[in-house]
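Here is a short note to read beside the structure. Take the points one at a time, and find each residue in the viewer as you go.

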Amino acid sequence: MLLNKQGSKKQRIISVIIAVFMLTGILTLLTGAVFDMKAKKVTLVLVDAFADSENTQKFTTRQDTVSEFLEENNIITGEFDKLSMLPEDELYDGARLIIRKGRNFTLSVDGNVEIITTTKKTVREAFEEAGVSVDITDRVEPSLDAEVQEDMSVSIFRVAERTITVDKEIPFTSKEVSDSSLKKGSTRVKTKGQNGLKRAVYNVTTENGIEVKRELVSETTIKKPVTQIVAVGTSEAAKSGNGKKVVAASSGKSLSYSKKLTVTATAYTDSSGNKTASGRAAQYGVIAVDPKVIPLGTRLYVESTDDGKSWTYGYCVAGDTGGAIKGNKIDLFYNSESECVRFGRRSAIVYILD
């Protein structure tokens, strides 16, 4: 009877131990199941367009957010890299996280400078990604097909073409012709020169408003220039066929004269209406002389001693006298006091005409 009681007690102890182990096992299984329920399958895709590479990895994680997952796996993203999910986004089972390698470059366009960040390989793709518009006529430097380099500089030159018309003068030329009616060394313009006009049409190319090329399309002469004809004297003062002397006046006419005098010339005026010594009215063309040198009534021609290049009084008549007009002196009539003052005292040549 004692043996039976001891056996039953032992059996009960064994049962309790077995129950404890079973309970522990069940709890362990339940805890593991709960723990495994937090585990998530995550696919990580690393895309590097610049290296033409794409790397896919599978992860199991119990982290809650993207940033925690990246930190858990020591995954460092660059300043210009782009993630398909935000760092604070919650991870879920089957999540696909894509990290694209990024670069930045400087873009100069329309007078502005911008910093462009891109995950694309070429400038063209980067422009498309950033929404940068380029016209077909624009020039891009480096080209649209250039590979993006870190911190590179890209410029867009806005190219425009327009047609302009430019008028330009055609300078006239001069031609000299000999003229025996003029004294040697003297000249006279027979035909006054005139500039012509030329009209040119150009195609002008500009980049960012600055002209870089100009091509001639057409050129038309609107007005032809007129050549200036200058007569150059070839004759010497000489006797004419009837024994008279001939000189070329500044007007271009040939003068037949009997005598040539070098004199001192002054000027006078008279508004009183008095008659001159010869009975003529005092007016331009009537000059005062010394009758002992030049008789009254003599037809004269007066000009400067440099053959009339400085000044010319022209045709006149010896019609008056004066107390101070003695010897080789003459007094020229002018219409105003101011003209007389301007004239002053000068040397002159007097031709006594036939």
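**Notes on a predicted model**

1. Let's start with a loop residue. Asp52 counts as exposed, because its relative accessibility is 62% and the cut-off for exposed is over 50%. Please keep in mind throughout that this is a predicted model. You will find Asp52 in the loop between β1 (40-48) and β2 (53-61). Its backbone deserves a look too: Asp52 has a positive phi of about 50°, although it is not a glycine. Most residues other than glycine have a negative phi.

2. Now turn to another aspartate. Asp307 sits in the loop between β19 (299-304) and β20 (312-320). Phi of Asp307 is positive as well, near 60°, and this residue is not a glycine either. Is Asp307 buried, partly exposed or exposed? With a relative accessible area of 32%, Asp307 is partly exposed, because that value falls between the 20% and 50% limits.

3. The next point is about a peptide bond. Which two residues are joined by a cis peptide bond? They are Glu141 and Pro142, and omega is about -5° there. Pro142 belongs to the loop between β7 (139-141) and β8 (153-157). For background, most peptide bonds are trans.

4. On the surface, look for Ile14, Ile18 and Met22, which make a nonpolar patch of about 300 Å². Met22 is part of helix α1, which covers residues 2-37. Met22 counts as exposed because its relative accessibility is 54%, and exposed means over 50%.

5. For a contrast, visit Asn104 in strand β5 (residues 103-109). Asn104 is buried because its relative accessible area is 10%, and buried means under 20%. What is Asn104 in contact with, leaving aside its neighbours within four places in sequence? Its contacts are Phe80, Ile115, Ile116, Thr117, Gln149, Glu150, Asp151 and Met152. Try showing these side chains together with Asn104.

6. Finally, the cysteines. How many disulfides does the structure hold? The number is zero. Cys316 is buried, with a relative accessible area of 8%. Cys340 is buried too, at 9%. Both residues earn that label because their values are under 20%.

Key
Residues are numbered from 1 along each chain as its sequence is written. This is a predicted model: local features need pLDDT of at least 70, side-chain atom pairs count only at pLDDT 80 or more; totals for chains, interfaces and linings use all residues. Side-chain values use heavy atoms; hydrogens and water are left out. A disulfide is a pair of cysteine sulfur atoms within 2.5 Å. Buried means under 20% relative accessible area, exposed over 50%, partly exposed in between (1.4 Å probe, protein chains only). Patches are made of residues with over 30% relative accessible area and no salt bridge: like charges are joined within 9 Å, nonpolar side chains (Val, Leu, Ile, Met, Phe, Trp, Tyr) within 5 Å. Accessible areas come from the Shrake-Rupley method with a 1.4 Å probe; for residues, only the protein chains shown count as cover. A salt bridge is a side-chain nitrogen of Lys or Arg within 4 Å of a carboxyl oxygen of Asp or Glu. Helices (H or I, at least four residues) and strands (E, at least two) are DSSP runs, numbered from the N terminus. Contact means heavy atoms within 4.5 Å.
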